Amino acid sequence: MASNADILTIGAGLAGAAAAEALAQRGFTVTMLEARDRIGGRGLARRLPALDDMPEFGGAWITPWQTHIREACKRHDIALRPRSAIVERRWYRDGALHSDAPASPAERTVFDRSMAQLTGDALRLKAGHNADAADRPLTGISLNDYLKRIAAPMSLRDLCRAWWTVSGNGDPPRVPASELLSSCAYGDGTPDSMIDVWADTLTGGVSLLAERMIAASGAHVVMNTAVSRIKHRGEEVIATGQSGAKWRARAAVLATGLNPLRAITFDPGLPTPQTMALSIGHLGASVKIWAKVRGVPVGVLATGGGESAKAGIEWMFSERLAADGATLIAGFGLAANFDPARPGAVAREVARFFPEAELLAYDWHDWVGDPFARGTWVATPLGAGRAGAPPSRPRRGA
């Protein structure tokens, strides 16, 4: 039986790091049990193959109102890199790449009408209304059904699908349209405007910030330790690893993702709200790639082709210059539709949006297949209500 610490923290990602730092400031000692062989959790910055550039394969951009992470960056000397401005817009539609408009002249009228409906609905949802102007619900309807309701033409469906890969990111028939509408409402209500609040990225990545936070907390980190059981009795918590090793403390903080928590047995069992949240889980299943290219300027945003062309990557942005002057491009798609490991798959998608590009290198991380992630960012299933929301995760026990 190990650990003389006051608190066990399960997970050494950004949430675990924040917990360790806050606990240390209050005088508690912390032992962190991390299933991976690294710190950072869903943050992962690593070098592209044979190159010096280290893009972030997890969550990258932060908004102006994410004050906690901004304050942590300031405390731990993590520089913020402003997002590059968009200097060019491209749309893949009608089987070809276009730079004039998201819809063809023949489809523009219906596109504009449907876009006006979507924009109005997004802003109504932001204002606290759960129904559109015709009193039809804006929550509890899937993205696919919502797009049918507003009679979205293929050009708008492709546009929404592209932005869905970085907002709702689950199976469109199974995740509510409010995921997309809420993200659109960060800006002027249009899908393109959601990028307006993606203000900065962290140099060195989220994992570097987590490392520095944990080091400052003085927490003892035990790597390669996947917890399989947590037993709570009175004023003691015992965590058991898959190897059978045990750690004892006064309390435990669960700082894993929602889906990985399913692999842990709790004794006594969790209350109904948490049990329901775990049984439902979340459907986040996006794929993010980074490509290093030559011949592409920084600031080009390209979308489309998802539904109409059955393309894998639906959103690409030439995000910044690499150390040697080449360009780093971020790309997103739905994991069910795209496997970056297939020979030539990434090269084809880069060429579709950036035919002028010379592809130098690319990489990705399989978050869906990662047993300690089991998905990307949270996409709550249709009909799940607030099962996975923060109110279902209060402190329990003494």
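These legends walk through several close-up views of a predicted model.

**View 1. Seven strands line up in an open, mixed sheet.**
Reading across the sheet, the strand order is β5-β4-β14-β15-β16-β13-β17. The two edge positions belong to β5 (96-98) and β17 (358-364). Each of these has a single partner strand, so one side of each is left without a neighbour in the sheet. On average, neighbouring strands are turned by 20° against each other, with direction ignored.

**View 2. Strands β15 and β16 run antiparallel, and two helices pack on their sheet.**
Seven bridges join β15 (residues 313-321) to β16 (residues 327-334). If you would like one pair to look for, start at M316, whose bridge partner in β16 is G331. Helix α5 (residues 154-164) packs on the sheet and touches β4 (88-93), β14 (300-304), β15 and β16. The direction of α5 makes about 115° with that of β14. Helix α9 (residues 345-353) also packs on this sheet, where its contacts are β4, β5, β13 (286-294), β14, β15 and β17. Between the directions of α9 and β15 the angle is about 80°.

**View 3. The largest nonpolar core holds 47 residues.**
Those with the most contacts inside this core are W61, Y146, L156, W163, L180, W198 and W315. At least two core residues come from each of α3 (108-126), α4 (143-149), α5, α6, β15 and β16. Helix α5 gives the largest share, six residues. For a closer look, pick W163: leaving aside residues up to four places away in sequence, W163 touches R89, L180, P191, D192, M194, I195, W198, L301, T303 and W315. A second, separate core has 20 residues, including V30, C73, V206 and M213.

**View 4. Cysteines C73 and C184 are both buried, and the model has zero disulfides.**
A disulfide is a covalent bond between the sulfur atoms of two cysteines. Here a pair counts if the sulfurs lie within 2.5 Å. For C184, the closest cysteine sulfur is that of C160, 6.6 Å away, which is too far for a bond. C184 counts as buried because its relative accessibility is 0%. C73 has a value of 2% and so counts as buried too.

**View 5. The hairpin of β9 and β10 has four residues between its strands.**
Strand β9 (residues 236-241) pairs with β10 in the antiparallel sense over four bridges. At one of these pairings, A239 has W247 of β10 as its bridge partner. W247 and A249 make up the covered face of β10 (residues 246-249), while K246 and R248 make up the uncovered one. Within the hairpin, G244 takes a positive phi near 100°.

**View 6. Three loops hold backbone details worth a visit.**
Most residues other than glycine have a negative phi, and most peptide bonds are trans. The peptide bond from D267 to P268 is cis, with omega near 0°. You will find P268 in the loop between β12 (265-267) and α8 (272-280). D94, in the loop between β4 and β5, has a positive phi near 55°. N169, in the loop between α5 and α6 (178-184), also has a positive phi, about 55°. Which of the two words, buried or exposed, fits D94? With 59% relative accessibility, D94 counts as exposed. N169, by contrast, counts as buried, at 0%.

How values were computed
Residues are numbered from 1 along each chain as its sequence is written. This is a predicted model: local features need pLDDT of at least 70, side-chain atom pairs count only at pLDDT 80 or more; totals for chains, interfaces and linings use all residues. Side-chain values use heavy atoms; hydrogens and water are left out. Buried means under 20% relative accessible area, exposed over 50%, partly exposed in between (1.4 Å probe, protein chains only). Two strands pair if DSSP finds at least two bridges between them. Axes are lines fitted to C-alpha atoms, for helices over the stretch in contact, and angles run from 0 to 180 degrees between N-to-C directions. Contact means heavy atoms within 4.5 Å. A nonpolar core is a set of buried Ala, Val, Leu, Ile, Met, Phe, Trp, Tyr and Cys residues joined through side-chain atoms within 4.5 Å.
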